[in-house]
Every structure is written in structure tokens, then in C-alpha cells.
Amino acid sequence: MDARDSNGTILADGDSVTLIKDLKVKGTSVTLKRGARVKAIRLTADPQEVECSVDKVKGLVLRTEFLKKA
């Protein structure tokens, strides 16, 4: 099964994505703002989740329903 973003576009390792919604990160006081670009995503065993790193949080797992391929 392929990982797909909110628009149905297939995602691959190393793609850049944009957030389509403000997301609060559990366990921190960080909020990722809508429109923020996340570079170099890594696919996981679950096609609905990708792993990435942003400037303040490393090893973050995001749901693909909140992402749009950049």
C-alpha cells in the first residue's frame, strides 16, 4: 500500500511536504503552523504515517492526512 497525502498524491522517501493544518506536538509546547515545509520525510511501515524532523523536534511522526506534497 502506498503512502498518499491529503490530495491523494503518492509520497516517497525524501519528499518535501507542507502542513495543511496547525498541529500541536504532544509532550512539548511546540505548535507546527499551517504552511510549514517539512523536508526529507521517511516512510514508515504504516502507510498513513511518515517520520520527519523539524527545527525544534527530532523524530516526529506525522499523519499523511495533514500533509500536502510540496
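Two strands count as paired if DSSP finds at least two bridges between them. Strands are DSSP runs of E with at least two residues, helices are runs of H or I with at least four, and both are numbered from the N terminus. In these terms, Val 50 has Leu 62 in β7 as its bridge partner.

The model is predicted: local features need pLDDT of at least 70, side-chain atom pairs count only at pLDDT 80 or more, and totals for chains, interfaces and linings use all residues. Residues are numbered from 1 along each chain as its sequence is written, and side-chain values use heavy atoms, with hydrogens and water left out. Confidence is given as pLDDT, the predictor's value for each residue on a scale from 0 to 100. The protein chain has a mean pLDDT of 94, and 100% of its residues reach 70 or more. Among the elements, β1 has the highest confidence, at 97. Strand β3 (residues 31–32) has the lowest, at a mean of 94.

The protein chain contains 8 strands and 0 helices. Its radius of gyration is 11 Å, close to the 11 Å that the globule rule gives for 70 residues, so the chain is as compact as a globular protein of that length. This radius is taken over C-alpha atoms, and the rule is 2.2 Å times the number of residues to the power 0.38. Along the principal axes, the C-alpha atoms fill a box of roughly 35 × 20 × 15 Å. The chain exposes about 4600 Å². Carbon and sulfur atoms supply 47% of that area. Accessible areas come from the Shrake-Rupley method with a 1.4 Å probe, and for residues only the protein chains shown count as cover.

Residues are classed by relative accessible area: buried is under 20%, exposed is over 50%, and partly exposed lies in between (1.4 Å probe, protein chains only). Of the 70 residues, 30% count as buried. A contact means heavy atoms within 4.5 Å. Among contacts with a separation of 6 or more, 46% join residues 24 or more positions apart.

One open sheet has 3 strands in the order β5-β6-β7, with antiparallel pairing. Strands β5 and β7 stand at its edges, each with a single partner strand, so one side of each is left without a neighbour in the sheet. Strand β5 (residues 42–43) pairs with β6 over 2 bridges. A hairpin of 5 residues joins the two. Arg 42 has Glu 51 in β6 as its bridge partner. Strand β6 (residues 49–52) pairs with β7 over 4 bridges. Glu 51 is bridged to Val 61 in β7, and Cys 52 to Leu 60.

Side chains alternate along β6. Val 50 and Cys 52 point to one face and are buried. Glu 49 and Glu 51 point to the other face and are not buried. Strand β7 (residues 60–63) also has two faces. Leu 60 and Leu 62 form the covered face, while Val 61 and Arg 63 form the uncovered one.

A second open sheet of 3 strands has the order β4-β1-β8, again with antiparallel pairing. Its edges are β4 (37–38) and β8 (67–69), each with a single partner strand, so one side of each is left without a neighbour in the sheet. Strands β1 and β8 pair over 3 bridges. Val 17 stands opposite Lys 69 in β8. Thr 18 also lies in β1 (residues 17–19). Thr 18 is buried, with a relative accessible area of 14%. Beyond four places in sequence, Thr 18 touches Gly 35, Ala 36, Arg 37, Phe 66, Leu 67, Lys 68 and Ala 70.

A nonpolar core is a set of buried Ala, Val, Leu, Ile, Met, Phe, Trp, Tyr and Cys residues joined through side-chain atoms within 4.5 Å. The largest such core has 17 residues. Those with the most contacts inside it are Leu 32, Val 38, Ile 41, Leu 60 and Leu 62. The elements giving two or more residues to this core are β1, β6 and β7. Outside its neighbours within four places in sequence, Leu 62 contacts residues including Leu 19, Leu 23, Leu 32, Val 38, Val 50, Cys 52 and Leu 67.

Ser 29 lies in the loop between β2 (23–24) and β3. Ser 29 is exposed, with a relative accessible area of 76%. Ser 29 and Glu 49 are 20 residues apart in sequence. Their C-alpha atoms are 22 Å apart in space.
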